[in-house]
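Hi,

Here is the structure I promised to pass on, with my notes below it. Have a look at it first, then read on at your leisure.

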Amino acid sequence: MSANEHPEGAHAPLSFALLGFLAFMAGATVANLYYAQPLLAEIARSFHVDAGRAGLISVATQAGYAAGLALIVPLGDGRERKTLIVATTTLIAVALVLVALSPDFAILLAASLFMGLSTTVPQLLVPYTATLAPPARRGRAVGLVMSGLLIGIIVSRALSGFGSFLGWRVIYGLAAGVMALCAATAARLLPRQAPPESVPYGTLLRSLRGLWQNEPVLRFHAFLGAMGFAAFSDFWTPLVFHYGHLFPGEASRMVGITGFIGVSGALAAPLSGRLSERHGVLAVNGSFLLLVGVAFLILWLQGNSLAGVAAGAALLDAGVQGSHISNQTRLYALRASVRNRLTAVYMTAYFAGGALGSLVGTWAWKEAGWPAVCATGAAFALAALLRLIAGFHGARSRPPQAGTGA
């Protein structure tokens with residue numbers, strides 16, 4: 001083992017500069033998943049396809065991302081993590097070049113799938129940071145990296161929208177350059193982080209099922225995360241239709257304004273980490289989920305004004321993000337040797353919840369309008385709160401113990 005290599009449990013110095021770079025890298029990499037959304041109309045014109053086919057670009061990207069969560073993220077428990085992060089970031093740069101140079105729509109879809117698959121770097125960075133940070137700082141460190149990730153999601157849409165005059169191929173080319181710089185910087189700055197043992201890839205994948213079956217804490221927080229992200233997607237997916245009703249011809253711009261206001265929700269990430277360390281994960285998680293319920297009450301009462309929707313969106317983002325970090329803080333306290341697999345299973349459940357929320361929110365808007373959207377979003381938050389209350393009472397009588405799966 002080299003002087004710059006740190007096994008599980010051995011903490012390298014975590015400077016503010018290194019933590020800041022990890023947060024930036026998380027945001028820069030996750031942004032690649034969302035550049036296409038404001039550019040779909042331009043891409044459709046470029047390849048002479050209709051809007052429905054152009055929308056397959058987002059589907060391919062998200063499908064690739066879901067596959068990467070299950071196939072790539074678990075590798076962090078059996079391979080040296082710095083090398084994995086640098087190699088995967090390099091693959092993102094290659095995929096973005098392929099997207100930018102795609103000569104036809106079929107190749108663009110394949111390149112988008114590949115790009116989504118490799119863009120699992122943010123979910124490699126979170127357990128990497130959790131292992132790098134000493135236990136007393138883990139919640140805050142993970143919260144800061146997650147803040148960078150959330151800001152990347154929000155800002156990416158604005159960057160590609162405002163930069164659309166350059167052309168969609170240039171946007172992806174610039175993104176490829178950013179990823180190449182991130183890979184080079186990571187290779188220089190990140191300390192090596194070796195897992196306790198080298199686990200065969202097939203064993204890692206097979207262990208995911210056992211991890212789910214034998215870790216009650218994982219199942220508990222996976223449900224909370226899924227319901228929280230379902231509430232988030234229940235709001236954001238039909239929002240453009242609601243704004244189209246309130247502000248004809250200005251819906252996209254209004255969604256962008258609301259998204260920028262939602263950046264305030266990123267501030268909840270490090271706050272949640274600190275509060276979880278001081279007051280306990282369950283109580284803090286419940287407070288943030290209650291905030292989600294309050295957000296939907298405001299969205300219902302004041303949903304006919306931009307100020308009311310923006311205020312509700314800021315509270316919703318803060319509540320969902322705070323609950324998410326609280327979930328991860330508890331998961332990463334289980335067993336260091338399976339952190340990447342915990343991330344893979346939890347995030348797969350998380351995005352499954354998001355897909356459910358998008359489906360329900362769109363259906364609610366179509367069938368009964370904005371009040372139904374608010375009601376279904378609040379129902380997701382209520383489901384999480386009820387499960388949390390049950391878990392809280394169970395924890396008081398007998399705290400859930402990590403199993404021996406994986």
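**What I found in it**

A106 lies in helix α6, which covers residues 105-118. With 54% relative accessibility, A106 counts as exposed, because the cut-off for that class is over 50%. A106 and F47 are 59 residues apart in sequence, and their C-alpha atoms are 10.0 Å apart in space.

Please keep in mind that this is a predicted model. In outline, the protein has 18 helices and two strands. There are 406 residues, and 55% of them count as buried. If we take the contacts with a separation of 6 or more, 84% are between residues 24 or more positions apart.

**The nonpolar core**

Which residues touch the most other members of the largest nonpolar core? They are Y172 and F235, in a core of 111 residues. Helix α11, residues 216-236, gives this core its largest share, namely 12 residues.

Leaving out residues up to four places away in sequence, Y172 touches Y35, A36, L39, L96, V99, A100 and M115.

**Two buried glycines**

Helix α11 also holds G225. At 3% relative accessibility, G225 counts as buried, because that class takes in everything under 20%. The partners of G225, not counting residues up to four places away in sequence, are N327, Y346 and Y350. G225 and A384 are 159 residues apart in the sequence, yet 8.2 Å apart in space from C-alpha to C-alpha.

The other glycine is G312, in helix α16 (residues 306-331). Is G312 buried or exposed? G312 is buried, with a relative accessible area of 0%. G312 touches A295, I298 and L299, again not counting residues up to four places away in sequence. For the pair G312 and L299, the C-alpha to C-alpha distance is 5.3 Å, with their positions 13 residues apart in sequence.

**Three helix pairs**

Two packed helices are described by the angle between their axes and the distance between the axes. I went through three pairs in that way.

The first to look at is α16 with α17. Their axes come within 11 Å and cross at roughly 150°. Angles over 145 degrees count as roughly antiparallel, so α16 and α17 are roughly antiparallel to each other. Their crossing is right-handed. On the α16 side, V320, H324, N327, Q328 and L331 take part, and they meet L342, Y346, M347 and Y350 of α17. By class, this contact has six nonpolar residues, three polar ones and no charged ones. If you are tracing links between elements, N327, Y346 and Y350 appear in this contact and are also touched by G225 of the core helix.

Next, helix α17 (residues 339-368) also packs with helix α10 (residues 201-214), where the axes come within 10 Å and cross at roughly 70°. How are α10 and α17 oriented to each other? They are roughly perpendicular, because 70° falls in the range of 65 to 115 degrees. The crossing of α10 past α17 is right-handed. Here L204, S207, L208, L211 and W212 of α10 meet R341, L342 and V345 of α17. The contact has six nonpolar residues, one polar and one charged. L342 of α17 thus turns up in the contact with α10 and in the one with α16.

The last pair is helix α5 (residues 81-100) with helix α7 (residues 121-132). They pack at an angle of about 160°, and their axes are 10 Å apart. That angle makes α5 roughly antiparallel to α7. Their crossing is left-handed. From α5 the contact takes in R81, K82, L84, I85, T88, T89 and I92, and from α7 it takes in V121, L124, L125, Y128 and T131. By class there are seven nonpolar, three polar and two charged residues.

**One backbone detail**

Most residues other than glycine have a negative phi. H48 has a positive value, with phi near 55°. Where is H48 found? It is in the loop between α2 (40-47) and α3 (51-54). H48 counts as exposed, because its relative accessibility is 74%.

Happy browsing, and do write back if you would like to go through any of this together.

Best wishes

Notes
Residues are numbered from 1 along each chain as its sequence is written. This is a predicted model: local features need pLDDT of at least 70, side-chain atom pairs count only at pLDDT 80 or more; totals for chains, interfaces and linings use all residues. Side-chain values use heavy atoms; hydrogens and water are left out. Axes are lines fitted to C-alpha atoms, for helices over the stretch in contact, and angles run from 0 to 180 degrees between N-to-C directions. Helices (H or I, at least four residues) and strands (E, at least two) are DSSP runs, numbered from the N terminus. Angles under 35 degrees count as roughly parallel, over 145 as roughly antiparallel, 65 to 115 as roughly perpendicular and the rest as oblique. A crossing is left-handed if the near helix is turned anticlockwise from the far one by less than a right angle, and right-handed if clockwise. Contact means heavy atoms within 4.5 Å. Ala, Val, Leu, Ile, Met, Phe, Trp, Tyr, Cys and Pro count as nonpolar, Asp, Glu, Lys and Arg as charged, and the others, Gly among them, as polar. Buried means under 20% relative accessible area, exposed over 50%, partly exposed in between (1.4 Å probe, protein chains only). A nonpolar core is a set of buried Ala, Val, Leu, Ile, Met, Phe, Trp, Tyr and Cys residues joined through side-chain atoms within 4.5 Å.
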